[in-house]
Amino acid sequence: MHRILFLLFLLGGFFVWNLPVMTNQQIFAQSYAEQDEKAVKAERERQKFVNEMQALLDAAMKSGFSEKEIREISVTREGKLIHVWDFLEQEKLRQKKEALAKKKFIPLERYLTVMDIADELESGETRKLDALKDKSIFVGAEEK
C-alpha cells in the first residue's frame, strides 16, 4: 500500500513539476509588450505637447504679438523652463532627421550567392590587372 502511494505521489510530483504556471516566453513577451506600450504612450504625450505648443504660437501670431515677443514665449514643464520657439525648431529638425533615416534604411531581402562572391572576386582581380597594366605602359624609352 505504501509503495503504491509513494509511486502515486512521485508520479503526481513529476506531472506538477512539468506543468509550469507561466513559461519564460510568456513572461518575456509581457515585458516587451509593456515596454512597447510605455514607448507608445510617451510618444503620444510628446506629440500632444508639441501640438499644444504649436497652437500656443499660432494663437500668439494671430493676436498680434511681434516676432521678438513670440520668440521669448516660455513654458515651465516638470520644473524645466522651455522656450517654445526653440523647442519647436528642434522638434522640426528631429522629425526631418527621422524621415531621412527612414529613407536611408531600406531593408533589402537579397542574399549573397556563390556566384555573387565569385563575380566580386573576379572584378577585383580585373581591376588589379588593369592597374598593373596602366603602370607598365612604356612611353618611348621610359616606363610611365
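The following exercises, each with a worked solution, explore a predicted model of a single protein chain.

**Exercise 1. The overall plan**

Task: Work out how many helices and strands the chain has, and in which order the elements run from the N terminus.

Solution: Begin with the count, which comes to five helices and four strands for the secondary structure of the chain. Next, walk along the chain from the N terminus, where the elements run α-α-α-β-β-α-α-β-β. Then turn to burial: of the 144 residues in the chain, buried residues make up 10%. The surface can be described as well, since the chain exposes about 13600 Å², and carbon and sulfur atoms supply 62% of that area. Finally, look at the contacts with a separation of 6 or more, of which 40% are accounted for by residues 24 or more positions apart.

**Exercise 2. The largest nonpolar core**

Task: Find which residues of the largest nonpolar core touch the most other members, and which helix gives the most to this core.

Solution: The core has 13 residues, and those that touch the most other members are M53, L57, V84, F87 and L88. Two helices, α2 (24-62) and α4 (84-104), each supply at least two residues of this core. Of the elements, α2 gives the most, with five residues. To see one member in its surroundings, take L88: when residues up to four places away in sequence are not counted, L88 touches V50, M53, Q54 and L57.

**Exercise 3. A glutamate in helix α4**

Task: Decide whether E91 is buried or exposed, and describe which residues surround and pair with E91.

Solution: First place the residue, which is in helix α4. Now apply the cut-off: a residue counts as buried when its relative accessible area is under 20%. The value for E91 is 7%, and therefore E91 is buried. Leaving aside neighbours within four places in sequence, E91 is in contact with R46 and V50. The side chain of E91 also meets that of R94 in a salt bridge, at 2.6 Å from N to O. Both residues of this pair lie in helix α4, three residues apart, which is about one turn of the helix. R94, in contrast to its buried partner, is partly exposed, with a relative accessible area of 28%. The pair also belongs to a wider arrangement, as E43, R46, E91, R94 and E98 are linked in a network of salt bridges.

**Exercise 4. Two further salt bridges within helices**

Task: Out of the six salt bridges counted in the model, examine the one between E67 and R71 and the one between K92 and E89, and state how far apart the partners are in sequence.

Solution: Start with E67 and R71, whose side chains meet in a salt bridge at 2.9 Å, N to O. Both lie in helix α3 (residues 67-71), four residues apart, or about one turn of the helix. E67 counts as partly exposed at 49% relative accessibility, and R71 is partly exposed as well, with a relative accessible area of 42%. Continue with K92 and E89, where the salt bridge spans 3.8 Å, N to O. These two residues lie in helix α4, three residues apart, again about one turn of the helix. K92 is partly exposed at 43% relative accessibility, while E89 is partly exposed with a relative accessible area of 34%.

**Exercise 5. Helix α5 and a surface patch**

Task: Compare the span of helix α5 with the expected span, and then find which residues form a nonpolar patch on the surface.

Solution: Helix α5 covers residues 114-135, which is 22 residues, and reaches 32 Å from its first C-alpha to its last, close to the 32 Å expected at 1.5 Å a residue. This helix is hardly covered, for one of its 22 residues is buried. The nonpolar patch is formed by M1, I4, L5, L8 and F9, which together have about 610 Å² of accessible area. Of these, L8 is found in helix α1 (residues 2-17), and its 53% relative accessibility is the reason L8 counts as exposed.

**Exercise 6. A serine in strand β1**

Task: Describe where S74 lies and what S74 touches.

Solution: S74 lies in strand β1 (residues 74-77), and at 35% relative accessibility S74 counts as partly exposed. Not counting residues up to four places away in sequence, S74 touches L81, I82, H83 and V84. Lastly, S74 and M53 are 21 residues apart in sequence, and their C-alpha atoms are 9.8 Å apart in space.

Key: Residues numbered from 1 in each chain as written. Predicted model: local features only at pLDDT ≥ 70, side-chain atom pairs only at ≥ 80, totals over all residues. Heavy atoms only, no water. Core = buried A, V, L, I, M, F, W, Y, C linked by side-chain atoms within 4.5 Å. Buried < 20%, exposed > 50% of the residue type's maximum accessible area, 1.4 Å probe, protein only. Contact = heavy atoms within 4.5 Å. Expected span 1.5 Å × (residues − 1). Areas by Shrake-Rupley, 256 points an atom, 1.4 Å probe, with all protein chains shown as cover. Salt bridge = Lys/Arg side-chain N within 4 Å of Asp/Glu carboxyl O. Patch = residues over 30% accessible without salt bridge, like charges linked within 9 Å, V, L, I, M, F, W, Y side chains within 5 Å.
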